[in-house]
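Trainee: I have a chain to look through before my next bench session. Can you walk me through it?
Mentor: Yes. Ask short questions and we will take them one by one.

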Amino acid sequence: MGFAVVYMGNWHNVIPFFALAGLVVAGILFVTFAENKRRGGPSSHSEGSFKQDVLRNILRNPSLALVGGISGFRTSAEMAITTFLPLFAAQQLKMDTPSIGLMVGIYSLAGVVFQPVSGYLADRFGVQRVIAAFLVSAGAVMTLTALNTGAAALFVIVGVVGALSFAVRPITLALATDLVDDSMRSSSVGLVFTANQLSSAIAPIIGGVLVQTIGYQQSFVVFSLFFFMAATCALLVKKRQ
């Protein structure tokens with residue numbers, strides 16, 4: 001999507017694709033997990049009772065909603081960054097397309113490499129602590145884009161933020177499954193992914209308005225607040241005894 005923004009030259013042209021993709025995938029995920037749940041349960045477990053079980057589980061377990069907040073806010077920051085950082089690099093820093101592609105690749109690759117580390121740290125120090133620490137660190141590093149950094153510094157910032165943000169994905173799912181009974185684990189994962197896709201649809205629209213109103217660098221500071229809000233949700237989660 002970052003490449004699409006650069007090639008199409010204007011975020012207005014790309015926003016409909018982000019919104020449509022996020023909404024479609026969110027719907028598919030909800031329907032898929034609902035269908036799987038109905039097939040895996042007793043024959044008397046109707047669609048209506050399934051939806052009631054999911055709703056009841058959320059209402060009785062606000063921590064699960066907070067995990068959705070962790071994932072949603074983190075995804076919002078990630079989508080805003082990967083959408084508008086390529087535009088910033090192209091228009092403000094005058095980077096060429098291969099360099100922008102390398103930067104986006106570093107963002108993703110750093111996260112993939114760092115994910116096993118996050119799992120190890122979560123097992124040792126606790127999932128919530130690691131999630132909060134990673135997200136606060138990602139937000140703090142992201143605020144450095146407000147400075148007049150050059151291309152080299154931006155590569156470093158992108159790599160660090162990517163490593164910290166992507167590494168939170170798997171352990172967030174682990175936290176969600178720890179909050180519910182075995183019979184509701186698939187549903188809890190489905191809710192987290194639904195929050196992801198809804199955020200993917202909304203974040204670029206919010207980001208576009210911010211960029212147009214206050215500029216790129218100031219907008220990146222606002223995007224970093226999503227990381228801090230996600231970290232706050234992580235600290236508020238109460239695990240089952």
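## Helix crossings, loops and a buried leucine

Mentor: Start with one pair: the crossing that H8 makes with H9 is right-handed. Keep in mind that this is a predicted model.

Trainee: Which residues of H8 make the contact with H9?
Mentor: Take the H9 side of the contact: Arg 185, Ser 188, Val 189, Val 192 and Phe 193. By class, the residues of this contact are 5 nonpolar, 2 polar and 1 charged. On the H8 side stand Leu 173, Ala 176 and Thr 177.

Trainee: At roughly what angle do the axes of H8 and H9 cross?
Mentor: H9 covers residues 185–214, and its axis and that of H8 come within 8 Å. The axes cross at roughly 135°.

Trainee: Why does H8 count as oblique to H9?
Mentor: Above 145 degrees a pair would be roughly antiparallel, and from 65 to 115 it would be roughly perpendicular. The angle here is roughly 135°. It falls between those ranges, so H8 is oblique to H9.

Trainee: How many helices and how many strands does the protein chain have?
Mentor: Read the elements from the N terminus: α-α-α-α-α-α-α-α-α-α. The count for the protein chain is 10 helices and 0 strands.

Trainee: What share of the residues of the protein chain counts as buried?
Mentor: The chain exposes about 11,400 Å², and carbon and sulfur atoms supply 65% of that area. The chain has 241 residues. Of these, the share that counts as buried is 48%.

Trainee: Among contacts between residues at least 6 apart in sequence, what share joins residues at least 24 apart?
Mentor: A contact here means heavy atoms within 4.5 Å. On that basis, the share joining residues at least 24 apart is 80%.

Trainee: Is Leu 175 buried or exposed?
Mentor: Leu 175 lies in helix H8, residues 168–178. Its relative accessible area is 0%. The cut-off for buried is under 20%, so Leu 175 is buried.

Trainee: Which residues is Leu 175 in contact with, leaving aside its neighbours within four places in sequence?
Mentor: For orientation, its C-alpha atom is 9.9 Å from that of Ala 122, which is 53 residues away along the chain. The contacts of Leu 175 are Val 67, Ile 70, Val 127, Gln 128, Ile 131, Val 237 and Lys 239.

Trainee: How far apart are the axes of H4 and H9?
Mentor: H4 spans residues 62–91 and packs on H9 at an angle of about 40°. That makes H4 oblique to H9. The crossing is right-handed. The axes are 7 Å apart.

Trainee: How do the residues of the contact of H4 with H9 divide by class?
Mentor: From H4 come residues including Leu 64, Gly 68, Gly 72 and Met 79. From H9 come residues including Leu 191, Ala 195, Gly 207 and Val 211. The division is 10 nonpolar, 12 polar and no charged.

Trainee: How many nonpolar residues has the contact of H5 with H7?
Mentor: H5 and H7 (residues 151–166) pack at about 35°, with axes 7 Å apart, and H5 passes H7 in a right-handed crossing. Among the residues that meet are Leu 102, Ile 106 and Phe 114 in H5, and Phe 155, Val 158 and Leu 164 in H7. The contact has 7 polar and no charged residues, and the nonpolar count is 13.

Trainee: Which residue has a positive phi although it is not a glycine?
Mentor: Look in the loop between H4 and helix H5 (97–125). The residue has a phi of about 60°. At 64% relative accessibility it counts as exposed. It is Lys 94.

Trainee: Which residues does Lys 238 touch, not counting those up to four places away in sequence?
Mentor: Lys 238 sits in the segment after helix H10 (216–236). It counts as exposed, at 68% relative accessibility. Its C-alpha atom is 9.4 Å from that of Gln 128, 110 residues away along the chain. Lys 238 touches Ser 63 and Leu 179.

Trainee: How does Thr 143 count by relative accessibility?
Mentor: Thr 143 is in the loop between helix H6 (127–142) and H7. It touches Val 221 and Ser 224, not counting residues up to four places away in sequence. Its relative accessibility is 26%, so Thr 143 counts as partly exposed.

Methods
Residues are numbered from 1 along each chain as its sequence is written. This is a predicted model: local features need pLDDT of at least 70, side-chain atom pairs count only at pLDDT 80 or more; totals for chains, interfaces and linings use all residues. Side-chain values use heavy atoms; hydrogens and water are left out. Helices (H or I, at least four residues) and strands (E, at least two) are DSSP runs, numbered from the N terminus. Buried means under 20% relative accessible area, exposed over 50%, partly exposed in between (1.4 Å probe, protein chains only). Accessible areas come from the Shrake-Rupley method with a 1.4 Å probe; for residues, only the protein chains shown count as cover. Axes are lines fitted to C-alpha atoms, for helices over the stretch in contact, and angles run from 0 to 180 degrees between N-to-C directions. Angles under 35 degrees count as roughly parallel, over 145 as roughly antiparallel, 65 to 115 as roughly perpendicular and the rest as oblique. A crossing is left-handed if the near helix is turned anticlockwise from the far one by less than a right angle, and right-handed if clockwise. Ala, Val, Leu, Ile, Met, Phe, Trp, Tyr, Cys and Pro count as nonpolar, Asp, Glu, Lys and Arg as charged, and the others, Gly among them, as polar.
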